[in-house]
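Please open the model in your viewer and keep the sequence panel beside it, since each stop on this tour begins with a selection.

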Amino acid sequence: MELLQRFAAGDLDAFESLFRQYQRDVYRWIVRIVRDPSVAEDLTVETFWRVHKAHARFDPEAKFASWLRRIATNVALDHLRRRPAYVELPEDLAAEQRPDCAVQQETRMALRRAFAELPPKLRLVAQLGSIEDDTYSEIAEALGISAAAARVRMFRAVRLLRKKLQKSGVHP
Amino acid sequence: MTERWDKDMSAKEYKNGMAKGRREASAEHAAQNPAERPDEKAEFSEIRGKLRDAFPPIGELDDRAELRRDLWPEMLRRLEQSRGLSWREVALREVPWFDWALLAVSGAAVLFFPALIPALLYHL
């Protein structure tokens, strides 16, 4: 029997094979959204836990990687909903790269605050599209929406960010 | 068709209709192509640059983008935990809080208003 069919039938060995095959991809995807390695590890396990629970609903003819990525995205999105996205970057690292003046530092802090206040759905699209350089179609597939809808979310995120920055006295 | 429009609508209505059509078409275009206008493109790239400055892409920072350990033992522990759980633990973990709230409200209603029991049974 094929691996995916065995997984759908509830075979634990098949699940382990899939876990070992995809854990790095899932982690890599999640860490780009949550930006915290230890949280990303927990969420990777949570993703596979949901995958395991939903094995009976998986169609072995479907693409496992896409299904997995969608679940991982939902898990990361749930995390963003529960906690604010504002994760302090290691300042030493940021400082190493750029000698800062006070104004730049202030702009950066305002942007981080504004970004943390974005609705999680918009934040996720802005994170993947603007920062990590993913394509609209990749984001759309992960979220289960159309590429046009992903573009609209990006547009709304940028507009909202601009508004929030202007409100806090920073002119982007 | 144009003639009929001209006949049925006053000039003002026709003008308003045209304006509305243009507005809708423009909104639709903006929604579908958010960054196609030059000023919007500039706005996008400016914000994008600032975002990347505030949040450097994970891959560019260090090796945090790569998983540094095998997570299977943790997964296995979680699977085993779920198998070894008592029904109480499973219920507490798996049943959403609002189901418990609903149950509590129903219980209180039955306790304080026993006359509601037939109505509750009817709705079950």
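**A tour by selection**

Begin by selecting residues 97-112 of chain B in this predicted model: they form helix α7 of chain B, whose 16 residues reach 22 Å from the first C-alpha to the last, close to the 22 Å expected at 1.5 Å a residue. Is this helix well covered or hardly covered by its surroundings? α7(B) is hardly covered, for the count of buried residues among its 16 residues is zero.

Now widen the selection to the whole of chain B, where the secondary structure comes to eight helices and zero strands, and where the pattern read along the sequence is α-α-α-α-α-α-α-α. Of the 124 residues of chain B, 7% count as buried.

Next, display both chains and look at where they meet: 26 residues of chain B are in contact with 36 residues of chain A. On the side of chain B that touches chain A, the elements that give two or more residues are α2 (11-32), α3 (38-54), α4 (58-61) and α5 (72-84) of chain B. Which of these should be coloured as the largest contributor? The largest share of that side, ten residues, comes from α3(B). If you colour that side of chain B by residue character, you will find 16 nonpolar residues, one polar residue and nine charged residues.

Move to chain A and select helix α7 (residues 120-131) together with helix α9 (residues 147-167), whose axes come within 8 Å and cross at roughly 100 degrees. Because angles of 65 to 115 degrees count as roughly perpendicular, α7(A) and α9(A) are described as roughly perpendicular to each other. To see the contact itself, show A:Lys121, A:Leu122, A:Val125, A:Ala126 and A:Gly129 of α7(A), and opposite them A:Ala150, A:Arg153, A:Met154, A:Arg156, A:Ala157 and A:Leu160 of α9(A). The residues of this contact divide into seven nonpolar, one polar and three charged.

From here, turn to the largest nonpolar core, which has 50 residues. The residues with the most contacts inside this core are A:Ile30, A:Val125, A:Ala157 and A:Leu161, and two of the names, A:Val125 and A:Ala157, also appear in the helix contact just visited. Select residues 12-34 of chain A as well, since this stretch is helix α2 of chain A, and α2(A) gives the most to the core, with ten residues.

Finish by centring the view on A:Leu161. Leaving aside its neighbours within four places in sequence, A:Leu161 is in contact with A:Ala114, A:Phe115 and A:Leu118, and also with B:Ile47 of chain B.

Technical notes. Residues numbered from 1 in each chain as written. Chains lettered and ligands numbered in written order. Predicted model: local features only at pLDDT ≥ 70, side-chain atom pairs only at ≥ 80, totals over all residues. Helix = DSSP H or I, 4+ residues; strand = E, 2+ residues; numbered from the N terminus. Expected span 1.5 Å × (residues − 1). Buried ≥ 20, exposed ≤ 12 C-beta atoms within 10 Å, placed from the backbone. Contact = placed C-beta atoms within 7 Å. Nonpolar A, V, L, I, M, F, W, Y, C, P; charged D, E, K, R; others polar. Axes fitted to C-alpha atoms, helices over the stretch in contact; angles between N-to-C directions. Parallel < 35°, antiparallel > 145°, perpendicular 65-115°, else oblique. Core = buried A, V, L, I, M, F, W, Y, C linked by C-beta atoms within 7 Å.
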